[in-house]
Amino acid sequence: QTLLLGQTLRFTGNPLSDPWEDTVRIDSDGAVLIEGAHIKAVGRAGDLRKAHPQATVKDYGDRLICPGFVDAHVHYPQTAIIASWGKRLIDWLNTYTFPEEMRLSDPEYARDIAGRYLDLTLANGTTTVCSFATIAPTSVDAIFEAAAARGQRVVAGKTCMDRNAPDGLRDTAQSAYDDSKALIDRWHDKGRASYAITPRFTPTSTPEQLAALGALWSERPGCLMQTHLSEQVDEIAWVKDLVPHARDYLDTYEEHGLVRDRAVFGHAIHLTPREIDRLADSGASVVHCPTSNTFIGSGLFDMAQIAARRIPIGLATDTGGGSSFSMLRTMAAAYEIGQLRGTPTHAAQLMWLATAGSARSLHLHDKIGTLAEGYEADISILDLASTPAIKQRSENAKNTWAQLFATIMMGDDRAISDVWVNGVRRG
Ligand code: GUN
Ligand code: ZN
């Protein structure tokens with residue numbers, strides 16, 4: 001048993017649907033008891049010390065003990081091309097992304113990138129990611145093996161593409177089905193791994209491929225299904241050309257059985273009223289990728305509208321379309337987009353999105369994303385005065401929320417004091 005002492009941040013509800021003050025508390029004299037891989041108790045430092053005198057104490061002083069960050073939409077294979085200049089989505093894919101994803105057909109390079117990626121994200125306090133791999137099944141093995149070596153809970157899937165991608169980066173409807181099925185049977189629910197069936201998006205999957213993956217999903221209904229939806233206006237026009245009979249972009253997935261709960265749609269910026277209604281009815285999740293949406297020039301996600309419809313929302317870096325591995329930076333970008341929309345997001349809501357909200361969007365909310373008894377012990381410790389600039393602001397803050405907000409807006413990996421993964425210290 002290990003007893004972590006510090007300030008604790010605990011959610012008891014969803015601050016996007018209820019007044020945030022009713023859904024979260026910061027305990028300045030808090031404690032988290034870890035036993036093995038799980039959280040055994042969360043409470044006041046004095047109480048837990050008395051009840052568990054034999055536990056090893058780790059005192060973090062006034063640092064903030066939070067759930068580890070959950071990054072709900074990433075492309076780990078794009079680690080080495082993050083921050084590539086000057087292109088919008090389709091040109092960006094063709095110029096930077098596809099050539100790099102081709103390189104990961106070499107299993108050794110894929111292993112190198114998977115390890116590098118997880119080390120970078122752990123250094124940023126991210127304990128779980130939901131990642132696209134490449135078309136190569138071995139790139140899925142690489143990320144799950146790297147995650148297992150670090151004890152991390154990871155969701156991933158083989159990216160399926162059978163059109164509009166270069167030679168060497170296309171599968172077929174049948175091979176996408178066969179390879180995905182074999183990977184599900186190898187990895188899904190093994191240890192902390194879970195599988196997401198992963199058609200990249202409608203422009204790169206024929207209707208036959210989407211149908212094959214829809215059929216696979218009905219055979220393996222416990223998996224997630226992840227893809228992209230309505231990220232850029234040009235992309236939406238292309239989808240309309242490719243599937244002229246569809247009512248809208250979402251319909252191109254819906255007609256193949258790909259819209260239901262456990263579906264996770266990245267971006268979802270430019271939605272029609274019908275698409276929003278359908279998402280709300282279906283139980284599917286959407287994922288906000290704010291640094292990506294500004295970096296690639298995609299548009300402003302309408303969080304207030306989606307939250308009002310109770311559609312589960314995750315938060316994500318979208319590495320490497322996004323410009324940062326840091327969920328702090330990602331929360332800051334979400335705040336900035338909220339400001340441009342006239343709906344500023346409170347620090348509690350941002351933290352919820354980066355932890356419990358993302359976990360909810362991935363159907364992992366009974367395992368991670370919250371500091372509570374029985375949850376897996378994935379924990380990040382934040383230093384709320386990690387740089388001179390943040391420290392001077394923090395000293396002038398009226399409460400911990402204001403200090404936390406300064407760290408969200410100005411912080412980076414230096415703000416991550418320590419990380420615990422599955423009950424093991426990795427910081
Ligand atoms: N749409 C299809 N593929 C991608 C990708 O790799 N990144 C982003 N941002 N959007 C996509
Ligand atoms: Zn993406």
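**Helix packing, domains and a ligand shell**

Helix α12 (residues 327-340) packs against helix α15 (residues 400-410) at an angle of about 100°, and their axes lie 6 Å apart. The model is predicted. Angles of 65 to 115 degrees count as roughly perpendicular. α12 and α15 are therefore roughly perpendicular to each other. On the α12 side, the contact is made by Leu328, Met331, Ala332 and Tyr335. On the α15 side, Thr407, Ile408 and Met409 take part. By class, the residues of this contact are six nonpolar, one polar and no charged.

Next, the domains. The domain assignment of the chain gives two parts. Domain 1 takes in 2-68 + 370-425, and domain 2 covers 69-361. Their centres, taken over C-alpha atoms, are separated by 28 Å. In the contact between them, 30 residues of domain 1 meet 31 residues of domain 2. Which elements give two or more residues to the domain 1 side? They are β1 (2-11), β4 (56-67), α15 and β15 (416-421). Of these, α15 gives the most, with six residues. The domain 1 side divides into 18 nonpolar, eight polar and four charged residues.

A database record draws other bounds. UniProt, in an unreviewed entry, lists residues 65-424 for "domain: Amidohydrolase-related". Over residues 65-424, the chain is 44% helix and 16% strand. The end C-alpha atoms of that stretch are 15 Å apart.

Now the ligand. Which residues are around ligand 1? Following the chain, His75, Leu89, Leu93 and Thr97 belong to the shell. Arg200, Phe201, His228 and Glu231 are there as well. Ser292, Ile296, Asp318 and Gly321 complete the list. Helix α2 (residues 89-103) supplies the largest share, three residues. How does the shell around ligand 1 divide by class? There are four nonpolar, five polar and three charged residues.

Two points of backbone geometry remain. Most residues other than glycine have a negative phi, and most peptide bonds are trans. The peptide bond from Thr319 to Gly320 is cis, with omega near -5°. Gly320 lies in the loop between β13 (313-315) and α12. The shell around ligand 1 includes Asp318 and Gly321. His267 is the other point. Its phi is near 85°, a positive value in a residue other than glycine. Strand β11 (residues 263-267) is where His267 is found.

Note on methods. Residues numbered from 1 in each chain as written. Chains lettered and ligands numbered in written order. Predicted model: local features only at pLDDT ≥ 70, side-chain atom pairs only at ≥ 80, totals over all residues. Axes fitted to C-alpha atoms, helices over the stretch in contact; angles between N-to-C directions. Helix = DSSP H or I, 4+ residues; strand = E, 2+ residues; numbered from the N terminus. Parallel < 35°, antiparallel > 145°, perpendicular 65-115°, else oblique. Contact = placed C-beta atoms within 7 Å. Nonpolar A, V, L, I, M, F, W, Y, C, P; charged D, E, K, R; others polar. Near = placed C-beta within 6 Å. UniProt positions renumbered as here; feature names shortened; annotations may be inferred. Domains from an automatic or database assignment.
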